[in-house]
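Visitor: I would like to learn how to read contacts, burial and pockets from a set of coordinates. Could we take these topics in turn?

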Amino acid sequence: MQTSPDIAAALTRRAALAGVAVMAATTAHHAIGAVVYGTPWRLHIAFLSVPTAAVILGALALHRRRAGAPSGRAAFVVLVAVLALVPIAWIGAYEGVYNHVLKNALYFLAPGSPVLARMFPPPMYEVPDNALFEITGVLQVVPAWIAAAALARRAVGRWTTRPGNAAPPGEAARPGAIETPGAYRMGSTR
């Protein structure tokens with residue numbers, strides 16, 4: 001049975017690994033774009049992805065090794081900041097949601113729309129004409145969402161319990177069980 005610190009550690013690890021997955025996905029996506037569209041400049045993302053993934057993994061390792069120490073807490077701050085700024089906001093929200101989900105939605109739902117041309121002007125943006133490129137672009141959102149959700153759950157500190165972990169109404173919780181936030185027990189004064 002997991003305790004609250006165990007759950008926090010698991011959520012931190014999930015967020016970090018999902019962030020690394022975002023960086024790997026965006027590297028693959030941009031490499032596909034470089035080949036498909038003959039734009040080798042797209043490979044610049046590797047110069048961002050590799051160091052970002054290294055910082056994420058290094059900060060996670062330091063935080064796990066020295067969790068209670070100031071260096072461990074500083075590593076956690078770095079980890080959260082890098083995750084929030086690069087894999088979640090920049091790659092997930094801007095590159096994935098705006099550049100691919102929204103562009104594809106407008107392209108397929110409102111073909112020829114002047115809004116599409118205004119929001120995604122050529123030559124900076126490609127018309128969705130390559131399924132692999134567009135699918136990999138959209139898929140960047142998935143690990144970014146996982147990372148964001150894990151960080152949000154950790155920040156809020158509310159973890160759902162599995163059936164059987166929380167005490168039934170009127171009974172004392174088993175040792176190590178996680179009580180649902182705001183739960184009411186018989187005889188409780190809260």
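Guide: Let us begin with contact, which means heavy atoms within 4.5 Å. Please keep in mind throughout that this is a predicted model.

Visitor: With that cut-off, which residues is H30 in contact with, leaving aside its neighbours within four places in sequence?

Guide: Once those neighbours are set aside, the contacts of H30 are R42, I45, E95 and Q140. H30 itself belongs to helix 1, which covers residues 4-37.

Visitor: Is H30 buried or exposed?

Guide: A residue counts as buried under 20% relative accessible area, and because the value for H30 is 9%, H30 is buried.

Visitor: How should I read the largest pocket, and which residues lie nearest its centre?

Guide: One can start from the space and then turn to the lining. The largest pocket holds about 360 Å³ of space, and its lining is made up of 17 residues, with H30, W41, R42, E95 and N99 nearest the centre. Helix 1 and helix 3 (70-109) are the elements that give two or more residues to this lining, and helix 3 gives the most, with seven residues. H30 and two of its contacts, R42 and E95, thus appear again among the residues nearest the centre.

Visitor: How many of the lining residues are nonpolar, polar and charged?

Guide: In the lining of the largest pocket, eight residues are nonpolar, five are polar and four are charged.

Visitor: Where is there a cis peptide bond?

Guide: For such a bond one looks at omega, which is about 5° for the cis peptide bond that joins P122 and P123. P123 sits in the loop between helix 4 (114-119) and helix 5 (131-139).

Methods:
Residues numbered from 1 in each chain as written. Predicted model: local features only at pLDDT ≥ 70, side-chain atom pairs only at ≥ 80, totals over all residues. Heavy atoms only, no water. Helix = DSSP H or I, 4+ residues; strand = E, 2+ residues; numbered from the N terminus. Buried < 20%, exposed > 50% of the residue type's maximum accessible area, 1.4 Å probe, protein only. 1 Å grid on protein atoms, 1.4 Å probe; cavity = no way out; pocket = protein on both sides within 12 Å on 5 of 7 lines; lining within 4 Å. Points joined across faces, edges and corners; volume = space filled by probe spheres on them. Nonpolar A, V, L, I, M, F, W, Y, C, P; charged D, E, K, R; others polar.
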